[in-house]
Amino acid sequence: MLNMGGPSTVAETYSFLRNMFSDGDLIPLPLRRWSAPFIAKRRAPQIEKQYEIIGGGSPILKYTELQGKGMAALLDELHPETAPHKAYVAFRYANPLTQATAQQMKLDGVRRAVAFSQYPHYSCSTTGSSLNEIYRRRSEFGNIEWSVIDRWGIHPGFIEAVAQNVEAALTKFHPSVRDDTVILFSAHSLPMSIINRGDPYVMEVSATVSAVMERLGNSNPYRLVWQSQVGPSAWMGPQTLDALKGLAKHHRKQVVLVPIVFTSDHIETLFELDHEYIAHARKLGMEVYRAESLNQSPVFIRALADIVTKHLRDHASGSCGPTSVQMGLRCPGCTIETCGRQKQWFAQGGR
Ligand SMILES: C=CC1=C(C)c2cc3[nH]c(cc4nc(cc5[nH]c(cc1n2)c(C)c5CCC(=O)O)C(CCC(=O)O)=C4C)c(C)c3C=C
Ligand code: FES
Ligand SMILES: [Fe+2]
């Protein structure tokens, strides 16, 4: 289960940020070996405070392990041909890091693995970065046959799980205003430089939003907005907070905020949305509720198991290769040679 991870304790914040700023697939910094620790050190105190406020760390490891255990148990039932199944977690910037997971899998003698991205939507800065990291560390994993689940943003089980959480949030509004309540889907933004390279993320997040609205019978007006931009460069907009302020000006004061690109709570739902944006919106006289993150949703855990079952079946029958057709295509503007080699390597089952 591939994801970026988050600091499980406040003390882990600096190393999390340093690992993040050291990742050329996420942030191409000049003189990275020197600038990454410097920027991480400067940023750490502010981010540490945020992790303190949300309870002393990111809950992403707890939820990923819980989702993984639930998924593996369901898989033993749904696809006994490949049982027993075991979920390993490989985070890109926090423990357990890819190298630790590689060692563990080698020690356990794993021979067959599915690299299952926990980002529903593909971005070269997220899933691409995790896959590049596995590729660079391929020898540390031992002799494994690999296949990849790289994106699943319109899987019906995922859409259902999100839709149920939106419905639950809508019930908090008085029936007289419920149908006019605006559904504001909030996704982590991406620098325009990455989007303009041809990154598929924005397109795939949009497809999820359409599918959720379709499932809800297009019952409410909605928008997709973008949060958490970092630094001075241009990022995808409109920004979530600006959108809330704009809606207030237009007297659209009932809003459901829906985190749409991450499958568990993290600093950006618990701090940025809950502490900053919703608090600000309430001061503007708005009535805002946030849809729950997927966290322990049994519908979502079943969706994860269904995604893997279908992948294993298709792979065994030969109706799909080790990777999706879409994963084979590099961004038209890609200049990262590792992307090309990584895609070729996974397409051959990692051999
Ligand atoms: C799909 C989700 C995400 C994308 C795309 C993404 C791109 C991206 N992020 C940064 C920089 C930072 N992100 C930070 C935290 C963070 N990012 C995501 C998700 C995506 N990022 C999450 C869920 C989190 C929080 C992790 C947790 O709490 O568990 C941070 C650290 C916090 C901070 O310093 O503000 C940075 C930095 C870039 C540059 C980028 C695209 C290139
Ligand atoms: S940046 Fe998208 S494939 Fe390399
Ligand atoms: Fe981020």
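Leaving aside its neighbours within four places in sequence, which residues is Val-166 in contact with? Keep that in mind while you get your bearings; this is a predicted model.

**Stop 1: the whole chain**

Show the protein chain as a cartoon. You should find 13 helices and eight strands. The C-alpha atoms fill a box of roughly 60 × 50 × 40 Å, taken along the principal axes. The radius of gyration is 20 Å, which agrees with the value near 20 Å for a compact globule, because the chain has 351 residues. Buried residues make up 42% of those 351 residues. Now think about who touches whom: among contacts between residues at least 6 apart in sequence, 79% join residues at least 24 apart.

**Stop 2: Val-166 and the core**

Select Val-166 and look around it. Here is what the opening question was after: setting aside neighbours within four places in sequence, Val-166 is in contact with Ile-183, Val-212, Leu-216, Val-256, Val-258 and Ala-291. Val-166 belongs to the largest nonpolar core, a set of 79 residues. Next, add Leu-184, Val-256 and Val-258 to your selection; together with Val-166, they have the most contacts inside that core.

**Stop 3: strand S7**

Val-256 and Val-258 lead you to strand S7, so select residues 254–259. Is this strand enclosed or open? Six of its six residues are buried, so S7 is largely enclosed by the rest of the structure. Turn on the side chains: Gln-254, Val-256 and Val-258 point one way, while Val-255, Leu-257 and Pro-259 point the other way.

**Stop 4: the partners of S7**

Add strand S5, residues 182–188. S5 and S7 pair in the parallel sense, over five bridges. To see how they line up, pick Phe-185, which stands opposite Val-258 in S7.

Now bring in strand S8, residues 287–290. This strand also runs parallel to S7, and four bridges join the two. Here the pair to pick is Leu-257 and Arg-290, which stand opposite each other.

**Stop 5: around ligand 1**

Finally, click on ligand 1. How many residues are around it? There are 25, and Gly-6, Ser-58, His-188, His-266 and Ile-267 come nearest. Colour the helices next: H1 (13–21), H2 (32–53) and H11 (267–283) are the elements that give two or more residues to this shell. Try colouring the shell by class too, and you'll get 16 nonpolar, seven polar and two charged residues.

How values were computed:
Residues numbered from 1 in each chain as written. Chains lettered and ligands numbered in written order. Predicted model: local features only at pLDDT ≥ 70, side-chain atom pairs only at ≥ 80, totals over all residues. Core = buried A, V, L, I, M, F, W, Y, C linked by C-beta atoms within 7 Å. Buried ≥ 20, exposed ≤ 12 C-beta atoms within 10 Å, placed from the backbone. Contact = placed C-beta atoms within 7 Å. Rg over C-alpha atoms; globule rule 2.2 N^0.38 Å. Near = placed C-beta within 6 Å. Nonpolar A, V, L, I, M, F, W, Y, C, P; charged D, E, K, R; others polar. Pairing = 2+ DSSP bridges.
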